[in-house]
Amino acid sequence: MSNYSIGIDLGGTKVLAGIVDADNGQVIDFVKKRTKKAGSESIIQRIIETVEKTLCKAQIPLSEISSIGIGAAGQVDRKNGILISAPNLDCYDVEFKKILEEHFNIPTYVGNDVEVATLGEMKFGSGAGYKNFVCIFVGTGVGSGVVCDGKILKGSTGTAGEIGHIIVSSGGRLCGCGGYGCLEAYASRTAIEKKIIGSLKKGHKSVISEAIKENGIIRSKDIKDALDANDELVFDCITEAAEYLSSGIASVINFYNPELIILGGGLIEAVDLFYEMTVKKSLIKSLAVPASKTQIVKTKLSDFSGAVGAATLYQN
Ligand SMILES: [Zn+2]
């Protein structure tokens with residue numbers, strides 16, 4: 001008898017729903033759709049639509065699904081299953097648990113996107129078998145999940161692991177959180193995008209201008225394509241971002257002395273050069289003893305860490 005659960009990864013730019021065998025982490029089938037800053041009503045509609053499409057694609061009846069888990073990019077109330085605040089989606093106080101339970105009549109659990117992705121890697125990914133490690137995801141923002149003695153560290157207010165807001169440049173760039181000099185303002189895809197667009201406005205040339213004209217934004221894939229074309233501006237921006245990200249990771253290695261750092265997220269998955277530069281610089285900048293024992297690897301579940309982790313939320 002299979003133990004199927006639906007895992008939903010609700011990020012800043014996409015929603016991915018997967019049917020997951022919660023006993024072994026296998027993704028049976030999935031559907032991925034784009035999302036935007038569209039407000040609660042529209043996001044809920046998008047989620048329901050994506051789940052229904054996934055069930056239809058997999059030809060698995062709802063009666064075979066034992067739970068639904070959702071990992072949302074924002075601050076959540078786990079106990080009551082509420083998304084408290086997700087500025088990137090323009091969603092506030094969304095009662096996901098209540099709404100989805102009413103619609104599907106299946107027990108529903110809510111977590112934060114980074115937390116569930118860390119859970120996925122811990123149970124079935126690169127973190128399986130390790131007890132002390134940190135997952136760092138670089139995409140729209142920079143987030144991290146900390147695993148301590150085999151459990152996700154929540155902290156006194158449930159916000160532990162906010163690596164995106166450690167300060168890497170005192171009094172530096174303004175961050176989305178209202179502070180200055182946060183890692184996220186230097187190393188996220190959004191930060192790189194801002195830097196590239198700023199340089200283009202100053203008259204610098206880059207092949208990436210074409211991609212911006214076409215899509216309106218800079219995707220991780222556009223960055224990869226520009227690097228493949230030996231684009232100097234994009235190379236400089238990526239090098240700078242890797243410099244800051246590695247300073248953040250070196251601080252984590254020195255402070256926490258983990259066995260493992262797992263890197264994931266759109267930018268890491270799509271841009272090999274960024275990943276390689278970050279790993280190398282992080283180990284050089286860390287203290288010799290912890291660095292000698294810390295492995296830095298990529299996520300094993302890549303795009304599915306979040307959906308797989310969300311599908312196992314009911315076990316926690
Ligand atoms: Zn910040």
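The following exchange examines the assignments made in this predicted model.

User: What makes H165, C175, C177 and C182 the donors of the zinc ion?

Analyst: A donor is an N, O or S atom within 2.8 Å of the metal. The ND1 atom of H165 and the SG atoms of C175, C177 and C182 lie at 2.0 to 2.4 Å from the zinc ion, so these atoms satisfy that cut-off. Along the chain, the donors follow the spacing H-x9-C-x1-C-x4-C. H165 and C177 both lie in the loop between β11 (151-152) and α4 (184-187), so the pair ties together parts that are 12 residues apart in sequence.

User: Why is the site of the zinc ion called tetrahedral?

Analyst: Four donors count as tetrahedral if all angles lie between 85 and 135 degrees. The 4 donor atoms of the zinc ion make angles of 106 to 119°, and the site is therefore tetrahedral. For reference, the ideal angle for four tetrahedral donors is 109.5 degrees.

User: Why does C177 count as partly exposed?

Analyst: Partly exposed covers the range between the buried limit, under 20% relative accessible area, and the exposed limit, over 50%. C177 has 48% relative accessibility, so it counts as partly exposed. H165 is also partly exposed, with a relative accessible area of 26%.

User: How do you know that β3 (26-34) and β8 (108-112) are edge strands?

Analyst: The open sheet of 5 strands has the order β3-β2-β1-β4-β8, with mixed pairing. β3 and β8 each pair on one side only, and they are the edge strands. The twist in this sheet averages 15° from one strand to the next.

User: What makes β1 (residues 4-10) and β2 (residues 14-21) a strand pair?

Analyst: Two strands pair if DSSP finds at least two bridges between them. β1 and β2 are joined by 7 bridges and run antiparallel, so the criterion is met. One of the partnerships sets G7 against G18 in β2. Helix α1 (residues 40-58) packs on the sheet, where it touches β1, β2, β3 and β4 (65-72), and its direction makes about 140° with that of β3. Helix α2 (residues 96-104) also packs on the sheet, touching β1, β4 and β8, with its direction at about 145° to that of β8.

User: What makes strand β12 (residues 260-264) mostly covered?

Analyst: Buried means under 20% relative accessible area, and 5 of the 5 residues of β12 are buried. L260, I262 and G264 point one way from β12, while I261 and L263 point the other way, and all are buried. β12 also pairs with other strands: 5 bridges join β9 (residues 133-138) to it in parallel, with F137 partnered by G264. Strand β13 (residues 295-298) pairs with β12 in the parallel sense over 4 bridges, and I261 has I296 as its bridge partner there.

User: Which residues touch the most other members of the largest nonpolar core?

Analyst: This core has 37 residues, of which I136, I208, I223, I261, L263 and F274 touch the most other members. Helix α8 (residues 232-256) supplies the largest share, 10 residues. Apart from this core lies another, of 29 residues, among them I44, I48, I65 and I68. In soluble globular proteins, nonpolar side chains tend to be buried together.

Note on methods. Residues numbered from 1 in each chain as written. Predicted model: local features only at pLDDT ≥ 70, side-chain atom pairs only at ≥ 80, totals over all residues. Heavy atoms only, no water. Donors = N, O, S within 2.8 Å, 3.2 Å for Na, K, Ca; no water. Tetrahedral: all angles 85-135°; square planar, octahedral: opposite > 155°, others 65-115°. Helix = DSSP H or I, 4+ residues; strand = E, 2+ residues; numbered from the N terminus. Buried < 20%, exposed > 50% of the residue type's maximum accessible area, 1.4 Å probe, protein only. Axes fitted to C-alpha atoms, helices over the stretch in contact; angles between N-to-C directions. Contact = heavy atoms within 4.5 Å. Core = buried A, V, L, I, M, F, W, Y, C linked by side-chain atoms within 4.5 Å.
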